[in-house]
Amino acid sequence: MAKAIMLQGTSSHVGKSILTTALCRIFKQDGQRVTPFKSQNMALNSYVTKTGGEMGRAQVAQAEAAGLEPAVDMNPVLLKPTGNSCSQVIVMGKPVGNMSAKEYHSGYSLTALGVVTECLQRLHNDFDIIVIEGAGSPAEVNLKDNDIVNMRIAKLAPAPVLLIADIDRGGALASVVGTLELLDPDERDLVKGIIINKFRGDINLLKPALDFLETKTGKPVLGVIPHLDRLGIDDEDSVSLEDKQQSDTTGEIDIAVLRLPKISNFTDFDALGNESDVRVRYVRQGEAIGKPDLIILPGSKNTTEDLLYLRNNGYEQELIKLVKSGTPVVGICGGYQMLGREVQDPDHTESDLDQVMGLGLIDSITIFEADKVTHQVKAAANNHRFLGINYSGDNLTGYEIHMGRTQFMTPVDPAFTIVTRSGEQIAMSDGAVTADGLVMGTYMHGIFDNDAYRRAVLDALRVRKGLAPLGTMLNTQARKDAAYDRLADVVRQSMNMDLVYRIMNESTGK
């Protein structure tokens, strides 16, 4: 049976995901077979495993930090909000239907507990350590009876709990004391330590508060983690876009990503933002697109409603005008569907709307169907015509997550040719590039994570501006690995890891 440790928070967005990632890396560095686990995740940033299962992006980053191939056992339940207090419920990587918050929390969640228990057992059999992430706060008394992600999981694992508070937002001491006060006595006993996260300033000035906290709660403060900027690690969900800084404002290439209300998988653009010559900015409601070098329409969990958002807020006209004046645009997944003539949803898979007219930049119609397409893919490009780059290359990797099927009204040049799908060899066209090379759509998430292709696009944008191509490639995977190591180093230096190991050993009697 594996040892386990669980990270819970005084609220959402206190740093549970990133500290889980850090512990996964630290334990891996220490020679342990470690795996992440989050029984239930709510996120629009998702990923597709090699077996075609969909899971939360945060657990993918944690798996990478642990040196593992992501698997749905690490995140058996994923909730993808669709709007109006409703979510698509995904269990073991496959959708089981759309449910209201009431339907899920008052009935289905405990039904899913059996699946969660089976996953935990498999992880116990296969690993030395399980690092478990909670969700929100364990003190949400209205949700406790049907909880399958916080204290019920700590008891089931079983796992001692470390409680995280975000000091950057203020009220950290009160949030720790209040959270512990609202827990039942047996739950309070499970909390073995406190972590103060996102600290800025002189830690010596904080020491009296830490002493008070330990005296008041009877729990040791295991560490004070400094505020870390620009980690280079995938963000969990769009809530992080609220604090997401624009990449280098001096970047010569300006890329505008339209921040749709139901934006999903915005990690597609992190690799672009990491380039030294690129500025990525998210255009929020009320902000002008401006005159960027490239416009990106991202993925969406509700394509039809996000199309109406573009229309009702004037972005449709602005975007079409910019394309007509020569500004290129890329649509990925839902954004690709929006580029067509029309989006149809006859079975109301995503919304109550039967159909919505598209932007009309690609001569296509997308029809939503009940079953979801989820595959890891490998693709090739043969004289790829976007921006006139005539790029050819194979071994392009990405993944598909979509319920729409796109049909073309007239012949088009495909963007890519998919050569393997979930490990099976095929030859299937993906996406489209318009004849003028200004508009491209694709279903491939992660296309800009391919280093050579990304640089080819960026150098084409540079040439259009009269700039010399850089020709140099940033190694995305090496950058990620370095980021995981940097995170682990900072957390190891800031936290009493000997005490963490002792807490885990005591909980298992080892």
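Q: How far is the sulfur of Cys333 from the closest cysteine sulfur?
A: In this predicted model, the distance is 19 Å, and the partner is the sulfur of Cys86. That is too far for a bond.

Q: Remind me, what is a disulfide?
A: A covalent bond between the sulfur atoms of two cysteines.

Q: How many disulfides turn up in the whole structure?
A: Zero. Cys86 is in no disulfide either, as its nearest cysteine sulfur is that of Cys333, 19 Å away.

Q: Is Cys333 buried or exposed?
A: Cys333 is buried, because its relative accessible area is 6%, and the cut-off for buried is under 20%.

Q: What lies around Cys333, then? Is there a cavity, and how many are there of 30 Å³ or more?
A: There is one cavity of 30 Å³ or more. Its volume is about 150 Å³. Cys333 is among the residues nearest the centre of this largest cavity, along with Ser300, Glu350, Ile401 and His402.

Q: How many residues line the largest cavity?
A: The lining has 19 residues. They divide into four nonpolar, 11 polar and four charged.

Q: Which elements give two or more residues to that lining?
A: Strand E17 (299-300), helix H12 (334-338), strand E21 (364-384) and strand E22 (391-408). The largest share comes from E22, with four residues.

Q: New topic: aromatic rings. How is a pair of them described?
A: By the distance of the centres and the angle of the planes.

Q: How many aromatic pairs does the count come to?
A: Nine aromatic pairs. One of them joins Phe27 and Tyr501, with 5.4 Å centre to centre and 75° between the planes, which is edge-to-face.

Q: Where do Phe27 and Tyr501 lie?
A: Phe27 is in helix H1 (residues 16-29) and Tyr501 is in helix H15 (residues 497-508), so this pair ties together parts that are 474 residues apart in sequence.

Q: Are Phe27 and Tyr501 buried or exposed?
A: Both are buried.

Q: What about Phe266 and Tyr282, how are their rings set?
A: They are edge-to-face too, at 6.5 Å centre to centre with 85° between the planes. Phe266 sits in the loop between strand E14 (263-264) and helix H9 (270-273), and Tyr282 in strand E15 (residues 278-283), so the pair ties together parts 16 residues apart in sequence. Phe266 and Tyr282 are both buried.

Q: Last one: which residues do ring pairs link into a cluster?
A: Tyr391, Phe416, Phe448 and Tyr453.

Note on methods. Residues numbered from 1 in each chain as written. Predicted model: local features only at pLDDT ≥ 70, side-chain atom pairs only at ≥ 80, totals over all residues. Heavy atoms only, no water. Disulfide = S-S within 2.5 Å. Buried < 20%, exposed > 50% of the residue type's maximum accessible area, 1.4 Å probe, protein only. Phe/Tyr/Trp six-rings, centres within 6.5 Å; stacked < 30°, edge-to-face > 60°. 1 Å grid on protein atoms, 1.4 Å probe; cavity = no way out; pocket = protein on both sides within 12 Å on 5 of 7 lines; lining within 4 Å. Points joined across faces, edges and corners; volume = space filled by probe spheres on them. Nonpolar A, V, L, I, M, F, W, Y, C, P; charged D, E, K, R; others polar.
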